[in-house]
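Biologist: I should like to learn how the features of a structural model are read. Please take one feature at a time, with the general idea followed by the case at hand.

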Amino acid sequence: MLGSESVCGADIVTTVTADKTNATLLTPAMIALDVSVAGCGVSLIGAPTDIGAGMLGARMGPEALRVAGIAQAIAHSGLDVKDCGNLVGPANPWQVAVNGFRHLREVVQWNQLLHDATYAELKTGRLPITLGGDHSLAIGSISAVARHCREQGKKLRVLWFDAHADFNTATLTPSGNIHGMPVACLCGHGPQALIEMSGQVPALSPKEIRQIGIRSVDAGEKRLVHDIGIEVFDMRYIDEMGMRAAMELALALVGADTHLHVSLDVDFLDPDIAPGVGTTVRGGPTYREAQLCMEMIADTGRLASLDLVELNPALDLRNQTAELAVDLIESLFGKSTLMRKQSACL
Ligand SMILES: [Mn+2]
């Protein structure tokens, strides 16, 4: 159900509420939902760009997610959802790399726009969701989250779900596509304009990040990630120890004073279930493993911001990847498959 319209920034805002017929039903998922999440609203921020990608199409991601019903799915959890519309940034000039970076000026512009929009929503106590757009956008969103956490004296934990480590630098990357560099930039390795966005360099300590699902890393990149000390739960770890063990460690010490940010690259998922992404890598998590990740995050009740990136509708089949992403987001906001009572499974 679409509600009243008001103005948020430069764009139209649509307030979405759960269908009235469902609003009075108190489902187990709603009871389990943590008050710290339920107490605030959710803001969708569209960033329709593929400025940092090696392929065109991720610019259509925000619309595909809206068509798949992302706002309604979150509203079903009983949360107030505000769609802030789309940011308006520069077009993709589709040029070759200059000094190791493609479209650096435009990437900076998009990220500054997203940084400002994300920071503004956090300031009003809302939970911002980036609808990407390619993964270079995480520089803008996470730098805003880092700034906010610093000001609020909160701990930050970033869960980076991805097939790739995204820790390339200008000297390492063959392509210069900046969507392969956001983690490096956030950790202080990259062009000045991208590393200083949070107001402090680095925006993040490597200790604040956990990477999950990694299975395609260049040799030089692997060395850097290792040297800098990011904790990585790669597919080998998940195969051997299981997703539950990986997530328990990734979420260890997340407490009441922790801001939990999830950066979800659609290529984290196995391409059999998620074909709508430009950088697929075989051997990713299954539907159930991905759902388990989301449910375990929901159980903490600490989710405070989210990026949903790299969905490329031009490569998708009947919007199935967007619909899968919305399924996962529903679990992230507390729609559990759990049939047992919470206390019975402890
Ligand atoms: Mn990525």
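Modeller: Let us begin with a helix that has two sides. Ala-219 and Asp-227 are exposed on the side of α10 that lies opposite its buried residues. A residue is exposed if 12 or fewer other C-beta atoms, placed from the backbone, lie within 10 Å of its own, buried if there are 20 or more, and partly exposed in between. Helices (H or I, at least four residues) and strands (E, at least two) are DSSP runs numbered from the N terminus. The model is predicted: local features need pLDDT of at least 70 and side-chain atom pairs count only at pLDDT 80 or more, while totals for chains, interfaces and linings use all residues. Residues are numbered from 1 along each chain as its sequence is written.

Biologist: Which residues of α10 are buried?

Modeller: Glu-221, Leu-224 and Val-225 are the buried residues of α10, which spans residues 219-228. Because they fall within an arc of 95° when seen down the axis, they line one face of the helix; the arc is that of the directions from the helix axis to the C-beta atoms. These buried residues pack against β8 (231-234). After α10 comes Gly-229, with a positive phi near 90°.

Biologist: What are the overall figures for the chain, starting with how many helices and strands it has?

Modeller: The chain has 14 helices and 10 strands. Of its 346 residues, 54% count as buried. Contacts add a view along the sequence: two residues are in contact if their C-beta atoms, placed from the backbone, lie within 7 Å. Among contacts between residues at least 6 apart in sequence, 76% join residues at least 24 apart.

Biologist: Which residues touch the most other members of the largest nonpolar core?

Modeller: In soluble globular proteins, nonpolar side chains tend to be buried together. A nonpolar core is a set of buried Ala, Val, Leu, Ile, Met, Phe, Trp, Tyr and Cys residues joined through C-beta atoms within 7 Å. The largest one here has 101 residues, and Leu-65, Ile-74, Ala-325 and Ile-329 touch the most other members. The element that gives the most to this core is helix α6 (residues 104-123), with 8 residues. Setting aside residues up to four places away in sequence, Leu-65 touches Ile-70, Leu-131, Leu-308, Leu-311, Ala-322, Ala-325 and Val-326.

Biologist: Why does Ile-139 count as buried?

Modeller: Ile-139 counts as buried because it has 32 C-beta neighbours inside 10 Å. Its place is in helix α7 (residues 138-152). Among its contacts beyond four places in sequence are Asn-111, Pro-182, Cys-185 and Met-197. The C-alpha atoms of Ile-139 and Gln-112 are 8.9 Å apart, although 27 residues separate the two along the chain.

Biologist: How should I read a pair of packed helices, and at what angle do α12 and α13 pack?

Modeller: Two packed helices are described by the angle between their axes and the distance between the axes. Axes are lines fitted to C-alpha atoms, for helices over the stretch in contact, and angles run from 0 to 180 degrees between N-to-C directions. Helix α12 (residues 243-250) and helix α13 (residues 287-300) pack at about 30°, with axes 10 Å apart. The two are therefore roughly parallel; angles under 35 degrees count as roughly parallel, over 145 as roughly antiparallel, 65 to 115 as roughly perpendicular and the rest as oblique. Met-243, Arg-244 and Met-247 in α12 meet Glu-289, Leu-292, Cys-293 and Met-296 in α13.

Biologist: How near do the axes of α13 and α14 come?

Modeller: The axes of α13 and helix α14 (residues 320-332) come within 7 Å and cross at roughly 30°, which means that α13 is roughly parallel to α14. Residues of α13 including Ala-290, Met-294 and Ile-297 meet Leu-328, Ser-331 and Leu-332 in α14.

Biologist: Let us end with the backbone. Which peptide bonds are cis?

Modeller: One is the bond from Gly-132 to Gly-133, with omega near 10°; Gly-133 lies in the loop between β5 (127-132) and α7. Another is the bond from Val-201 to Pro-202, with omega near -5°, and Pro-202 is found in the loop between α9 (192-195) and β7 (209-214).

Biologist: Where is Leu-253 found, and is this residue exposed or buried?

Modeller: Leu-253 is in the loop between α12 and β9 (258-265), and its phi near 65° is a positive value in a residue other than glycine. Leu-253 is exposed, because 8 other C-beta atoms lie within 10 Å. Asn-319 also has a phi near 65°, in the loop between β10 (303-309) and α14. With 17 other C-beta atoms within 10 Å, Asn-319 is partly exposed.
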